[in-house]
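Trainee: I am new to this structure and would like a close look at one part. Please show me how the metal is held, and set it in the context of the chain around it.

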Amino acid sequence: MQSSLVFAADFRAIGLTVASVVLLGFVALFIRNIFTSRDELGSEIELASNKKEYLSDEELEGVKLDRSLSFALVVLGITSVALPFYWLAEPGRQEGAVAAYQLNFESRGGDLYTEGAQCVNCHAAGGVGGVAPYVLQDVDGQFIANASWTAPALNNVFLRYSEDEVRYILNFGRPGSPMAAWGTPGGGPLTEQQVQNTMEYIQTFEVQSLDTIDINFSDDPAAAQAEADELAIEIRDEVQRSLDDGEFSSIGEAVFNLGYFSGFQAGSLSCGRCHTSGWSLGPNTPWAPGADPLAEGVAGCGGGNPSGIGFSLCGTITERFPDDAWKLPDGSWAPKGGLADDDGFFYEAMDGSKVRLNDKGAPITDSGELYEVLSGGEMHGDLAECASISSLWEPEGISSEAYAYVEDGLPEVDDSADGFVNPEPIDLDSLGESDLMFADGRIGFSCDVIDMPERTSYAHFDFIYNGADAGSGYGRGGQSAAGMMPGFGKLLPEQFIQAVVDYERGL
Ligand code: HEC
Ligand code: HEC
């Protein structure tokens, strides 16, 4: 609103300037006419008697004059009413132009998707996913078979990856798979703008996530909730079906390999496609004689050829997330049960003080009460008691890292406007010492915090929930800072994530 007012003021100023220039022009013309006009030659009737007699003075100054003046008045009236309306509509025209550009980008992206770069050949119309032709070779480059490589659904890709991460994939492709590097940085044909346009287009067919925040901030929360329910049901049904049909023997295994036999969402929600050699070639490709990708000892052991981009989870997983241990603030792991001292178990808080753990390893206060970990599945890392916690919200188009705290955790709905009221961005510098920004972007106010060692199973769960972040190198064994491990928190129901954690820890 504020910005449209600014626009309105700008355009009024421009209008006034134009008007004054026109006025000055008229005055100048008038003065020039006076000086350059010739003297009256006398009565025309006398000079040319064949000319028709013109109106008499009475008529000229009466009806004729009135008519001309009325006409001028009407035109003046129309102009004075129409001009402000024109200016009033100007901000709308600005928005329209922005929207038109957006549509333009999307349609150019659509052209690239379907024709220019032919993403559609592998990822299908609407990004529902498909397969890509692939020539299977052995280690010496000898032909083994013509195969199909699962090309994941893209209609959920922005729910698993951030924009930067998707841009990275488009720029650099997935070496060792049919997904080529498309962007100039990776040696591909598409310019930065074309990559951006393609992303804008992909965003037009993204599905609804299961995330309550996404649901609440959609244009139509009720419809979004219904869509999210439908998605959850679809995923649950597919997991159940695969168990009923005997494809897998546990929920964890079924989620890990979601879509392996059925092609559900073109494998996009599976883990196997990146963590199991040969998974993406499907059950019918004899990619290595005798090696069934799902056989014991192979499933979860990615990194071989042909494989996706993940690496082996077999055995290594408990190194990265040791069993029942605490990850300390310096990144090292405390032994099972925490650090023992004479009084029992404790770990060190950020301020150097020691916090005791009970015999189950849960931290307790001096009076013996349990510290509570806030907000369920999302904040396992930090142990904090905050007076209030802000909602996590990043409205489109406003690039600020943090948004104002709202009492009930969600922004207010303003009935007079359509949609939600944008909270004012928080000035991060103004945060006090007892305020806290959590890893997921929310802000806690007046918090008592101890830098809580992460509990193994929490850390593992969190990693799958959030994925690897682009730009920050990921711990021990981490491959890059490219953020290639997707986050599944917006797509997989939480109990499925827990099931897959349990499954992986048994690999
Ligand atoms: C020749 C087939 C083919 C074409 C053409 C193609 N892709 Fe892909 N794409 C794939 C395959 C196969 C994968 C999966 C690679 C893997 O297993 O890691 C993939 C992966 C991706 C991913 C990562 C998705 C994820 O969840 O891992 C994105 C994003 C993507 N492609 C976008 C595009 C876009 C946009 C285009 C067009 C500019 C495009 N692709 C063109 C085959 C293709
Ligand atoms: C698109 C490919 C891809 C998919 C799909 C994928 N991962 Fe990963 N995963 C990776 C990559 C790449 C890494 C390494 C992360 C890094 O280095 O940044 C990784 C790392 C991991 C790690 C850490 C391994 C270790 O030893 O440190 C775990 C655990 C994991 N993934 C679990 C999963 C689970 C569970 C799923 C399915 C719900 C899954 N992954 C789906 C690519 C993928």
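Mentor: What follows starts with the whole chain, moves to the iron sites and ends with some single residues.

This is a predicted model, in which local features need pLDDT of at least 70 and side-chain atom pairs count only at pLDDT 80 or more, while totals for chains, interfaces and linings use all residues. Residues are numbered from 1 along each chain as written, chains are lettered from A and ligands numbered from 1 in the order written, and side-chain values use heavy atoms, without hydrogens and water.

The chain has 14 helices and 12 strands (DSSP runs, H or I of at least four residues for helices and E of at least two for strands, numbered from the N terminus). It has 507 residues, of which 38% count as buried (under 20% relative accessible area; exposed is over 50%, partly exposed in between; 1.4 Å probe, protein chains only). Among the contacts (heavy atoms within 4.5 Å) with a separation of 6 or more, 54% join residues 24 or more positions apart.

Now to the part you asked about. In ligand 1, the iron atom is coordinated by NE2 of His123 and SD of Met179, at 2.0 to 2.2 Å (donors are N, O and S atoms within 2.8 Å of the metal, or 3.2 Å for Na, K and Ca; water is not among the atoms, so sites may look incomplete). These two residues come from distant parts of the chain: His123 belongs to helix α4 (residues 119-123), while Met179 sits in the loop between α6 (163-172) and α7 (192-204), 56 residues apart. The site has six donor atoms with angles of 87 to 178° among them, and is octahedral (for six donors, opposite ones over 155 degrees apart and all others between 65 and 115). His123 has a relative accessibility of 11%, so it counts as buried.

Ligand 2 has an iron atom too, and its coordinating residues are His275 through NE2 and Met485 through SD, at 2.0 to 2.1 Å. This pair ties together parts that are 210 residues apart in sequence, because His275 lies in helix α11 (residues 272-275) and Met485 in the loop between α13 (456-466) and α14 (494-505). Around the iron atom of ligand 2, the six donor atoms subtend angles of 87 to 180°, so this arrangement is octahedral. His275 counts as buried because its relative accessibility is 11%.

Each of the two helices that carry these histidines has a loop before it worth a look. Gln118 is found in the loop between α3 (57-116) and α4, and this residue has a positive phi of about 55° without being a glycine. Its relative accessibility is 40%, so Gln118 counts as partly exposed. Ala266, in the loop between α10 (251-256) and α11, is likewise not a glycine, yet has a positive phi of about 45°. Ala266 counts as buried because its relative accessibility is 7%.

Two further residues round off the picture. Asn155 sits in the loop between β2 (143-151) and α5 (157-160) and is buried, with a relative accessible area of 12%. Leaving aside residues up to four places away in sequence, Asn155 touches Gly126, Gly127, Val128, Phe205, Glu206 and Val207. Phe30 belongs to helix α1 (residues 2-36) and counts as exposed because its relative accessibility is 56%.

Conventions:
Four donors count as tetrahedral if all angles lie between 85 and 135 degrees; four count as square planar and six as octahedral if opposite donors are over 155 degrees apart and all others between 65 and 115; anything else is irregular.
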